[in-house]
Amino acid sequence: MTNPRRSRHRIPRVSDELTTSKRRKVLRLAGLGPLSGLLAGYAALTVAELVSAGVRPEAGPVIAVGGAAIDRTPPSVKDWAIRHFGTDDKLVLQLGILAVLTLLAIALGVVAARHRRTGAAGVLLFGLVGALAATGRPDSTSAADALPSVAGAVAGAALLHWLAGHLPQRGRPATARGPVRERDATDTGPAARTDAPAARADAPAARTDAPAARAGEGARPGEDGLRAWDRRGFVIAATAAAAASTGAGALGRSLNAAHGRNAVASRNRIVLPAPASAAAPIPKRAALRVAGVSPFITPNHDFYRVDTALVVPRVDATSWSLRIHGRGVTREMTLSYQDLLRMPLTERDITLTCVSNEVGGPYAGNARWIGVRLADLLTECGVKPPSKGGPADQLVARSVDGMTIGTPVDDVMDGRDALLALGMNGEPLPFAHGFPARMVVPGLYGFVSACKWIKELELTTFDAYDPYWVKRNWARRAPVKTESRIDTPKPFARPEPGPVMVAGVAWAQHRGIDKVEVRVDDEPWREADLAAEDTRDTWRQWSFPWQATPGGHTLTVRATDRTGRTQTQKRTRTIPDGASGWHSVVVTVD
Ligand SMILES: Nc1nc2c(c(=O)[nH]1)N[C@H]1C(S)=C(S)[C@@H](COP(=O)(O)O)O[C@H]1N2
Ligand SMILES: [Mo]
């Protein structure tokens, strides 16, 4: 049997034995380029993980690139992601990054099968991207943050270069060209290209069939004079590379976990002292006995979480400190966790809400916080609020993960219970909620008040500095809007006709809720029963007994705060200073 393509390209070693079974082998070999790419990518990520354990876990390329992506995400996309994935948005982002990396690795593997230097250079290029992302993070303090990406890329590039140099199908037949040097730059003519598949086609066939091919004995030189492996050789090399990568990754993960364990241990050792100023007991009638309504106190594990951190910072309280400085600070302070524990602690119930919460959304929670009153701390530092002639009107909190959050100094010092919180619902702050210390300011959305993992407080002005969210077009000042939510029945529920309890929560932190009204379809508004108020800084449960009649109904709720203002019907988006509008639920009674 003759192959016309062969003769056309005058390949000397015309394969007259290219049978169907050999063609199948050729097909099987075609996957080796992409596989090499995947192995190189895997090696790069696992080596990066290992090296990040010696630097800091956040310096790893996926976390660094993911963090950079979050910071550059337009608010509309961020809102969309929060709406669709909720707190899983970060998982989705990381999976997205891994998917893109997988495709890139495959592509680089395909390239490397032809031009191994180009493929390897591609891996290095992506390492550079990771290194730039890592050193460009706001929490990056040293150029060492580039190391995980650089080391990973070098390992990945080397592996790809090595594997590609031994790919069984790429060695031109030794008899045709002999051992040749790398031809990345020159071997690109159309003729060279078109003859390649044919040349390749016979090569593996010859090799895998030859008894001598076993144990490397008969492998023929590939490009660079490298000995090309047979399939088995490749499988062995690939398995070894994958195993080594897995080992590096596992070691890296366990070392990173060990770092975290110090933080966990430091948290476990903490015993929060009794507060000097305890919260008043929660009135019994603050919590309604209605199934489906949000519990008055949100358990920590159910408390919403909104932040930009891809890895929850695990701060070791024993080495942590908080620095207070800036305009109008006459006594700068650097406080350790122990220093804070020795101060008089204040315990308060405060409802926290996120500006990204849609009308009816889940990003609100109520907890019992314990901590140091911020006003006391600032006063000790010599700070005066602007209303008393102080030069700083903005308090900028900085976190260990580089977040910046700006709060009006007047709000913090106007007598409200603005806390530097250390504890939440009877335990030290959970890591996800800001251990060792965070701010909580009644009446302000979290993005302008509730910095977690705080490490620095700087007094400055709104004119002089725009914190993180303000740079992204969110408002400078954002008091919480009066809102109410129907928790039960759920949207599209199908209750039976007769008595149905409609219930939910309403909040207007630091003003207090005075009235909640419910409207069924277009009927007049009717007052709901309000549960007892804990404090004006907490949300308030409400309920409304409804005689449900068959058919479809729309239930709508609105609240009135203690300033006498009724929640506006006007729907606004969350950006720049919080969503407004009435929450409605559609149900079908049958
Ligand atoms: N370090 C840091 N603190 C942060 C944020 C953040 O992204 N990073 N997000 C803020 C926002 S937008 C809100 S609503 C609250 C949420 O606090 P939680 O996650 O404990 O509910 O934290 C605030 N503090
Ligand atoms: Mo938020």
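Asp521 counts as partly exposed in this predicted model, at 24% relative accessibility. That value falls between the cut-offs, because buried means under 20% and exposed means over 50%. Asp521 sits in the loop between β13 (513-520) and β14 (526-527). Its phi is near 50 degrees, a positive value in a residue other than glycine.

Asn425 also has a positive phi, near 50 degrees, and is not a glycine. This residue lies in the loop that links β7 (419-424) to β8. At 23% relative accessibility, Asn425 counts as partly exposed.

**Cis peptide bonds**

Two cis peptide bonds are listed below, each with a proline as the second residue.

| Residues joined | Omega | Loop holding the proline |
|---|---|---|
| Phe435 and Pro436 | about 5 degrees | Pro436: between β8 (427-428) and β9 (438-440) |
| Thr488 and Pro489 | about 0 degrees | Pro489: between β11 (483-488) and β12 (498-507) |

**The four-stranded sheet**

β14 and β13, the strands that flank the loop of Asp521, belong to an open sheet of four strands. The order is β14-β13-β17-β18, and the pairing is antiparallel. β14 and β18 are the edge strands; each pairs on one side only. β17 and β18 run antiparallel and are joined by seven bridges. Across this pair, Thr556 stands opposite Ser584 of β18.

**Ser580, between β17 and β18**

The loop between β17 (551-561) and β18 (583-589) holds Ser580. Is Ser580 buried or exposed? Ser580 is buried, because its relative accessible area is 5% and the cut-off for buried is under 20%.

The Ser580 side chain has polar partners. A polar atom of this side chain lies 2.5 Å from the backbone oxygen of Lys570. The side chain of Ser580 also makes a polar contact with the side chain of Thr572, at 3.0 Å.

Which residues does Ser580 contact, leaving aside its neighbours within four places in sequence? They are Val359, Lys481, Glu483, Thr568, Lys570, Arg571 and Thr572. Among them are Lys570 and Thr572, the partners of the Ser580 side chain at 2.5 Å and 3.0 Å. Glu483, another of these contacts, falls in β11 (483-488).

Terms used: Residues are numbered from 1 along each chain as its sequence is written. Chains are lettered from A and ligands numbered from 1 in the order in which they are written. This is a predicted model: local features need pLDDT of at least 70, side-chain atom pairs count only at pLDDT 80 or more; totals for chains, interfaces and linings use all residues. Side-chain values use heavy atoms; hydrogens and water are left out. Helices (H or I, at least four residues) and strands (E, at least two) are DSSP runs, numbered from the N terminus. Buried means under 20% relative accessible area, exposed over 50%, partly exposed in between (1.4 Å probe, protein chains only). A polar contact is a pair of N or O atoms within 3.5 Å; within protein, one must be able to donate a hydrogen and the other to accept it, and residues adjacent in sequence count only if both atoms are side-chain atoms. Contact means heavy atoms within 4.5 Å. Two strands pair if DSSP finds at least two bridges between them.
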